[in-house]
There are 2 protein chains.
Amino acid sequence: MTDAPVIRRTLPSGPWTIVAPKRSTRPQPAAKPSEDPTHCHFCPGSEHETEPEVYALRAADTKPDSPGWRIRVVPNKFPALVSDAGDPGRPQSLYSEIGAIGIHEVIIETPDHDRALAEMRPDEIADVLAVYRARLQAASRRRYVRSVAVFRNEGRAAGASQLHAHAQLVGLPIVPARLQAEIDAAVDYRRRRKRCVSCDAIKRELKKGSGVIAENAEFVAFACFSPRFPYETWILPKAHHHDFRLVPLKHLCALADVLGAVLKALRAALDPFPYNLVLQTAPVQMSIRAQGAFHWRLEVVPRLTTGSGFELGSGVFIVSLSPEDAARRLREAIAEHREAKRVRR
Amino acid sequence: MTDAPVIRRTLPSGPWTIVAPKRSTRPQPAAKPSEDPTHCHFCPGSEHETEPEVYALRAADTKPDSPGWRIRVVPNKFPALVSDAGDPGRPQSLYSEIGAIGIHEVIIETPDHDRALAEMRPDEIADVLAVYRARLQAASRRRYVRSVAVFRNEGRAAGASQLHAHAQLVGLPIVPARLQAEIDAAVDYRRRRKRCVSCDAIKRELKKGSGVIAENAEFVAFACFSPRFPYETWILPKAHHHDFRLVPLKHLCALADVLGAVLKALRAALDPFPYNLVLQTAPVQMSIRAQGAFHWRLEVVPRLTTGSGFELGSGVFIVSLSPEDAARRLREAIAEHREAKRVRR
């Protein structure tokens with residue numbers, strides 16, 4: 001094979017893998033990166049060290065690829081997919097290999113090297129979410145992109161190779177098997193019960209209460225009933241909604257409130273707090289039927305433990321902290337944070 | 001909830017999770033465990049620190065739970081599943097919770113604290129595989145066990161909490177969704193093509209050659225065409241066979257030869273070499289049709305990289321080393337090992 005990335009699957013039901021040999025040259029985090037922040041490629045003043053920016057929130061009188069930005073989006077310098085190589089081709093059932101044609105972007109969420117998403121104000125988080133939405137919309141318009149993954153890695157245990165706060169966006173020429181399976185199961189559930197399965201889950205969580213971590217009029221955050229890792233938290237819009245691209249700005253502000261509260265609570269409860277943030281949203285094209293059945297969500301997944309051969313082999317997870325206990329601890333952290341704020345006033 | 005472990009699933013298509021609160025009390029590895037090997041619970045002389053043994057290969061004149069064993073099997077002291085609590089119940093489509101009724105055993109593979117599986121002679125590895133088979137057979141006879149996972153974790157990055165060489169066996173009251181999906185897809189492939197999908201994969205690997213790492217008359221090891229992690233290696237019987245429980249002893253010796261060569265090659269190529277070994281085999285009950293379609297395999301999965309939010313969210317993996325390059329490096333390591341052995345003679 002050449003060095004062009006490919007997407008492969010061995011068995012018909014197996015997982016897809018992107019084989020991207022050029023990514024092996026990407027930089028790894030220094031042992032104690034805070035000691036030498038001048039070498040961060042994502043900091044203001046180092047704009048020439050990244051690919052040219054494709055989007056930014058920046059002061060009106062500043063030029064692209066110069067300081068003055070609040071949020072900056074650049075193509076990943078070591079992309080898992082490439083955008084310029086034509087048709088990816090069609091999957092086969094056995095030993096499938098298609099071109100890894102797509103998009104791989106980095107969303108630098110703040111100019112401040114030491115500012116974590118959990119430390120941002122709700123209005124700053126809302127700006128970040130609005131940029132996710134804008135880039136998701138842009139990626140969806142690309143010819144071969146069939147689904148888009150938006151995610152953040154924070155901390156090495158969560159797979160981060162850069163410490164400066166950033167998210168990533170990957171536009172894929174496939175719909176991942178797991179997302180398709182969830183959509184199919186949701187459509188099947190709706191056919192039988194006439195309701196969205198996630199709407200039913202939300203109703204259940206709100207009624208039971210013991211898993212709820214935070215909520216407002218539009219969103220609810222609860223400890224996932226079957227977490228893959230301890231403290232896994234799901235945030236969903238209370239009203240049925242299938243596509244993050246279509247979320248109105250007002251709702252992004254409400255989402256930022258709940259996400260900020262969850263991140264602050266996790267940060268207070270867990271030290272260190274490596275985690276992934278994952279957006280599960282509709283693929284680029286979706287039937288009307290699937291739109292009524294599938295419900296988008298954000299997943300916040302702390303990475304305190306390492307999956308073993310059991311998880312890898314069976315796809316079944318083991319956690320030793322119940323979601324109900326996790327939710328209780330996080331509710332307490334939120335209450336303490338409010339109390340501390342009240343006292344300071 | 002009480003402290004009894006349960007198996008849960010949130011959405012109809014979602015992953016299962018075992019919630020086992022008591023496991024949180026299990027010991028973690030010391031920072032430098034080699035400094036104080038007397039504290040290993042798995043070493044000879046510490047038999048009273050484990051649960052009473054349920055199986056062992058030991059000298060004829062020695063008593064259970066005393067030294068004199070070569071391989072020793074004990075119930076996991078911090079089990080993810082319990083065996084004494086009756087019917088696990090039936091899964092629901094939404095917010096399913098059944099009892100985590102099953103088996104969780106530890107197979108201590110050698111009395112020697114410092115001996116890794118990769119360092120063992122083929123006849124020693126064959127003994128270890130024979131014990132896997134014996135315990136798999138025993139677990140399959142338990143009332144509520146529907147599938148059995150056999151796996152090893154070596155090194156912290158692979159999820160190991162003990163350093164002394166050991167495998168684990170988990171008997172589950174469910175068939176994991178991933179295994180069932182593979183079986184269904186294999187049955188579908190066989191219906192259309194009249195052949196086993198894995199037999200076709202083996203034929204393809206042997207013809208292409210660039211992925212093959214080691215082989216003998218009965219088994220072939222090749223770099224997985226779509227690895228989840230760099231250097232992921234699959235070992236399969238060349239002739240169609242669905243169930244590790246039924247592998248004859250002669251074939252276990254042939255498997256030990258190939259597995260030993262693969263582990264030695266990986267150990268030579270990778271330092272450190274944290275890895276998981278995973279057995280993918282038939283569930284306890286399987287239709288004749290599925291028996292003809294599903295092919296058991298061993299997966300050797302080095303854990304040099306950490307899955308990020310992309311893998312966690314999409315189920316799609318990214319590797320930056322091609323399987324063909326991995327196979328070439330491992331073939332070279334095997335050739336060097338042979339050369340070194342020849343020179344020493």
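In the predicted model examined here, Arg8(A), Glu97(A), Glu205(B), Lys208(B) and Glu324(B) are linked in a network of salt bridges. Within this network, Glu205(B) and Lys208(B) are joined by a salt bridge whose closest N and O atoms are 3.7 Å apart. Both residues belong to helix 3 (residues 197-208) of chain B, and because they are three residues apart in that helix, about one helical turn separates them. The burial of the two partners was also computed: Glu205(B), at 0% relative accessibility, counts as buried, whereas Lys208(B), with a relative accessible area of 35%, is partly exposed.

Over all chains, the structure holds 54 salt bridges, and two further examples may be described. In chain A, a salt bridge is formed between Arg121(A) and Glu124(A), with the closest N and O atoms 3.8 Å apart. Arg121(A) has a relative accessibility of 45% and therefore counts as partly exposed, while Glu124(A), at 19%, falls under the 20% limit for a buried residue. In chain B, the side chains of Asp243(B) and Arg245(B) meet in a salt bridge with an N to O distance of 2.6 Å, and here Asp243(B) and Arg245(B) are both buried.

The arrangement of the two chains was examined by superposition. Chain A can be laid on chain B with an RMSD of 0.0 Å by a turn of 180 degrees, combined with a shift of 0.0 Å along the axis. That is the relation of a two-fold axis. The same surface serves both copies, in that 100% of the contact residues of chain A recur in chain B. Of the residues of chain A, the one that comes closest to the rotation axis is Thr306(A), whose C-alpha lies at 4.4 Å.

Turning to the fold of chain A, 10 strands form an open sheet in the order 3-4-6-8-7-12-13-11-10-9, with antiparallel pairing. The edges of this sheet are occupied by strand 3 (55-58) and strand 9 (212-215) of chain A, each of which has a single partner strand, so that one side of each is left without a neighbour in the sheet. Neighbouring strands of the sheet are turned against each other by 15 degrees on average, direction being ignored. Strands of a sheet pair through backbone hydrogen bonds, in either a parallel or an antiparallel manner. In chain A, strand 10 (residues 219-223) and strand 11 (residues 233-237) run antiparallel and are joined by five bridges, and Ala223(A) stands opposite Thr233(A) of strand 11. Helix 4 (residues 249-269) of chain A lies across strand 9, strand 10, strand 11, strand 12 (275-280) and strand 13 (297-302) of that chain, and runs at about 15 degrees to strand 13.

A local feature of chain B concerns Thr110(B), which lies in the loop between strand 6 (103-108) and helix 1 (122-140) of that chain. With a relative accessible area of 6%, Thr110(B) is buried. The side chain of Thr110(B) reaches the backbone nitrogen of Asp112(B) at 2.9 Å. When residues up to four places away in sequence are not counted, Thr110(B) touches Trp69(B), Arg70(B), Arg115(B), Met120(B), His164(B) and Ala165(B).

Conventions:
Residues are numbered from 1 along each chain as its sequence is written. Chains are lettered from A and ligands numbered from 1 in the order in which they are written. This is a predicted model: local features need pLDDT of at least 70, side-chain atom pairs count only at pLDDT 80 or more; totals for chains, interfaces and linings use all residues. Side-chain values use heavy atoms; hydrogens and water are left out. Copies are superposed by least squares on the C-alpha atoms of residues with pLDDT of at least 70 in both. Contact means heavy atoms within 4.5 Å. Two strands pair if DSSP finds at least two bridges between them. Helices (H or I, at least four residues) and strands (E, at least two) are DSSP runs, numbered from the N terminus. Axes are lines fitted to C-alpha atoms, for helices over the stretch in contact, and angles run from 0 to 180 degrees between N-to-C directions. A salt bridge is a side-chain nitrogen of Lys or Arg within 4 Å of a carboxyl oxygen of Asp or Glu. Buried means under 20% relative accessible area, exposed over 50%, partly exposed in between (1.4 Å probe, protein chains only). A polar contact is a pair of N or O atoms within 3.5 Å; within protein, one must be able to donate a hydrogen and the other to accept it, and residues adjacent in sequence count only if both atoms are side-chain atoms.
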